[in-house]
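Welcome, and please open the model in your viewer. We will go from stop to stop, selecting a few residues each time.

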Amino acid sequence: MKKLLPIVLVSLLVALAAFGAGCTSSTNSTKLQLAGSTTVQPHAEALAKAFQVNNSGAQVYVQGGGSSAGVAAVGTGTADIGMSSANLSQSQLSQYPNLKVVPIAVDGIAIIVNPQNTVNNLTLSQTRDIFTGIVTNWNQVGGSNAKINVVNREEGSGTRDGIQKIVLKDGNFGSGGITQSSTGAIRSYVAGDPNAIGYISFAEVDNSVKALGINGVAPTYDSIANATYPIQRDLLFVTNGDPSGNAKAFIDFTLSPAGQAILKADKEVSISDVSASKVTTSAAK
Amino acid sequence: MISIKPNSAERSLRRSATRDIRERTIALLLLLCGISSVCAIFLIITFIFAEGLPFLVQAGPSFLISSVWRPTDSFSAGLWGIFPIIVGSLIVTVGAVAIGTPLGVACAVFLAEIAPGPVRRVLVPSVNALAGVPSVVYGFFGLLVIVPWIRGQFGGFGTSVFAAWLILFIMILPTIISISTDSIRAVPREYKEGSLAMGATRWQTIRSVLVPAASSGIIASVILGMGRAIGETMAVLMVAGNSVTIPDSIFAPTSTLTAQIALEMGYATGAHREALFAMGIVLFAFIMILTGLANLASRRRITY
Amino acid sequence: MEAKRRELVPLALLWGAGIATLVILIVILAYILANGLPVISWHFLTGEPALWGQTGGGIYSTIVATLAVTAVSLLVAAPLSVGGAIYLNEYTKETPLRKIIRQAAEILAGIPSIIIGLFGFLFFVIYLAPLTGGWSMISGGLTLAFMVLPISLRTSEEALKTVPAELREGSLGIGATKWQSITTVVLPTALPGIITGLILGVGRAVGETAAILLTAGGSLNLIQSLRDPGRPMTLNIYDVLTEYRDTTTAYGTAAVLIIAILAITLITDVLMNNYTKKLKGL
């Protein structure tokens, strides 16, 4: 036992050292780190897989954390590309003055409810009243007599920011909601609670939830592209300074027809499909 | 001629001199190893306080008393009131301890005094297994089983104070059970034998002699359990709802210091991040108070 | 007779408490294993993770990430804790230093994992970024070491305490130095207890999430080196559950974790039983 121990320890150390030494060879030049919006994340992962196929040796790491986390990560250098589903704020720009953004797609935010909910449409102002806490019962908007359970994203979420700007007109969210920290969490909560209402990227809507029509317009690829569906925003890749090296290659790939096709297949509106009349995430009626 | 070569006495002296140096060096290395825990605490306190203390000082008492938490508010410079979060932490902890203590102490008494050998051989590893289950698995179970059950039975969101109580009490059970069991076992045999010899039944002995004698250890275990509950993050994050409000019923959601930090840390920058570290300091303060209390309690000894 | 009958109710309650505790454990384990065991397959354990939102992937990269952070934490915590325990038990009398070290270890054990994670984020991910690679296995592992250290320090010290004094005195009596006595006599005798403590520490490291959340990254890619970010199994459960409610993968990962923890619990129990029996025989 005593004779074996040092041999075991040494071999463990050697193995670990060899493993760790691999780090010096797999340098940062082939490693690309993306971080940020959980709305953009699935698309970034799909893009990463395709990118890695065409660029052997490249390792693209994608992690979530929310739009603000992504911007902070790229600003501090912990990530190479930040993913954001909200435009950069004043404070972000003043904190990291060298940030550059590249819009990669347009995303619609769907207001989702449980499929059992009898409500199918809301006006934008009704939606606002629900999320600010003025309207608290479904029967006030044409549904059954039940308390509305509001589910919000966390504060750093670009999706939440989009709702605050477009739906709430920069108002404050009501205090009666709960917070879930990702797109998927909101979706699964709403899928399980008949009285819930939440908001997620249109691309993530599936059969477990129902997307409401807003002002009579249901969210579809086309209604987002021609801006008749009002709740939408640009999805952004953010870099510190002009993109270069692997980051530039990845962004170029994303903007290329192949990359845009991947996004389109994921129900994100490709930049080229956006009709000329709409340019920014302007507030609607 | 006198030889200048070392004779055997001098040789053995030199050998023991190098051995001495080696022994001393080893002792020094081991000392450094021992100090590592002290260094660890120093590092943690330094970094956390450096990041959070300036904010705490600047924000002042309103940080602790105000109920408005809007760190990323674009209009004000951020509003920093964590009172509901502190209340959430306390409510969640107190409830978990209230449920877990009777069950835990009873189970400890059972293990120490009543359980026959085979039962004990099953129960002790089971308690250890309960301790070993990762907190995220508890949260997982809570989210998929307990939250929907609460929502179905009692309405509301499901993610609630009550859900946190149910999960947390299970998580602190092993702490209370194992330390209390040891405390009861540590009571001198004479106490028990004396009581039985005077005609008391087993239960009377347990109730009037053993448990009071072990009370300092039991109390310490409860306080440690409290520390575990207030410090728990993942399970609470998944089942409590993360609503920065003071819950108006046990089926309402709430937030705790730990969950709020975990939720917002990923994206907090600047003052927001400092505020989170300030919350960490508040949490740290609670833990230190609890640890101090536990030490005090375990030092008290009931003498007859 | 009267007293005996009055005994029944409290005794029944005590039995109930014991059984209730057992039932709680069984319910939780059964639920996770019943849903999770069917998910486990060779492909699940060795395959690559599925893309976002799709099921059917494997958790190989998460298993490797768990092993990596655990190994790093052990590599740092084991020598420090065993060395510290040796120092506390063999080299000092009840000096204030000893009390300080013990107290520090106790405080460290009580610090919530999220706070250690906050510290790890500041210190390893940001401050020491060039060394650790930012969010990485190294950052995660070093952070975990802070949590493993107090556990193995305490158990190693207990193990050393149980070595009978006669063994030490005997060894010193025949002329061995202190260190020689420790390595040839004390350590081998205390080794099972020390290893048990380390295994308990491993259990803690494997099951930790909050600290990992802030320091290890979260990428699903297979790590190429320790400076890469990764996603250990515990974090994977949280991520797949909250991000795309992939309950299948979550159940499977949880089942793997539970099995690992149960194995660890069983091994430590068996080791400790054998160890105490052997010591009694001494």
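Before the first stop, a word on naming: helices (H or I, at least four residues) and strands (E, at least two) are DSSP runs, numbered from the N terminus. Keep in mind throughout that this is a predicted model.

**Stop 1: chain A**

Select chain A and show it as a cartoon. You should find ten helices and twelve strands. Of its 285 residues, 54% are buried. Chain A has an accessible surface of about 11200 Å², and carbon and sulfur atoms hold 57% of that. Among contacts in chain A with a separation of 6 or more, 76% join residues 24 or more positions apart.

Now pick K267(A), in the loop between helix 10 (257-265) and strand 12 (269-270) of chain A. Its phi is positive, about 70 degrees, although K267(A) is not a glycine. With a relative accessible area of 32%, K267(A) is partly exposed.

A227(A) also deserves a click. Look for it in the loop between helix 8 (221-225) and strand 11 (232-240) of chain A. Here too phi is positive in a residue other than glycine, near 65 degrees. A227(A) is partly exposed, at 31% relative accessibility.

Before leaving this chain, select R187(A), E204(A) and D206(A), which a network of salt bridges links together.

**Stop 2: where chain C meets chain B**

Show chains B and C together. How many residues does each chain bring to the contact? Chain C brings 74 residues and chain B brings 73 residues. The size of an interface is often given as the accessible area lost when the parts come together. Between chain C and chain B about 6500 Å² is buried, 83% of it on carbon and sulfur atoms. Highlight L14(C), L118(C) and L122(C): they supply 9% of the area that chain C buries against chain B, more than any other three residues.

Across this interface there are zero salt bridges, while four residue pairs are in polar contact. Colour helix 1 of chain C next, since 17 residues of the side touching chain B come from that helix, the largest share.

**Stop 3: chain C**

Stay with helix 1 (residues 2-36) of chain C, where you will find V23(C). V23(C) is partly exposed, with a relative accessible area of 41%. Together with W15(C), I19(C) and V27(C), V23(C) forms a nonpolar patch on the surface, with about 330 Å² of accessible area.

Is T268(C), in helix 12 (residues 247-281) of chain C, buried or exposed? T268(C) is buried, because its relative accessible area is 7% and buried means under 20%. Beyond residues up to four places away in sequence, T268(C) touches T196(C), I199(C) and L200(C).

**Stop 4: charged pairs**

Side chains of opposite charge can pair when their charged atoms come close. Over all chains, the structure holds 14 salt bridges.

Zoom in on R102(C) and E157(C), whose side chains meet in a salt bridge (2.5 Å, N to O). This pair links distant parts of the chain, 55 residues apart: R102(C) in helix 4 (residues 96-110) and E157(C) in helix 7 (residues 137-161) of chain C. R102(C) is partly exposed at 24% relative accessibility, whereas E157(C) is buried at 6%.

For the last selection, move to chain B and choose E113(B) and K192(B), a salt bridge whose closest N and O atoms are 2.9 Å apart. E113(B) sits in helix 3 (residues 83-114) and K192(B) in helix 7 (residues 189-197) of chain B, 79 residues apart. E113(B) counts as buried at 19% relative accessibility, and K192(B) as partly exposed at 28%.

How values were computed: Residues numbered from 1 in each chain as written. Chains lettered and ligands numbered in written order. Predicted model: local features only at pLDDT ≥ 70, side-chain atom pairs only at ≥ 80, totals over all residues. Heavy atoms only, no water. Patch = residues over 30% accessible without salt bridge, like charges linked within 9 Å, V, L, I, M, F, W, Y side chains within 5 Å. Areas by Shrake-Rupley, 256 points an atom, 1.4 Å probe, with all protein chains shown as cover. Salt bridge = Lys/Arg side-chain N within 4 Å of Asp/Glu carboxyl O. Buried < 20%, exposed > 50% of the residue type's maximum accessible area, 1.4 Å probe, protein only. Contact = heavy atoms within 4.5 Å. Buried area = accessible area lost by both parts, 1.4 Å probe. Polar contact = N/O pair within 3.5 Å; in protein donor to acceptor, adjacent residues only side chain to side chain.
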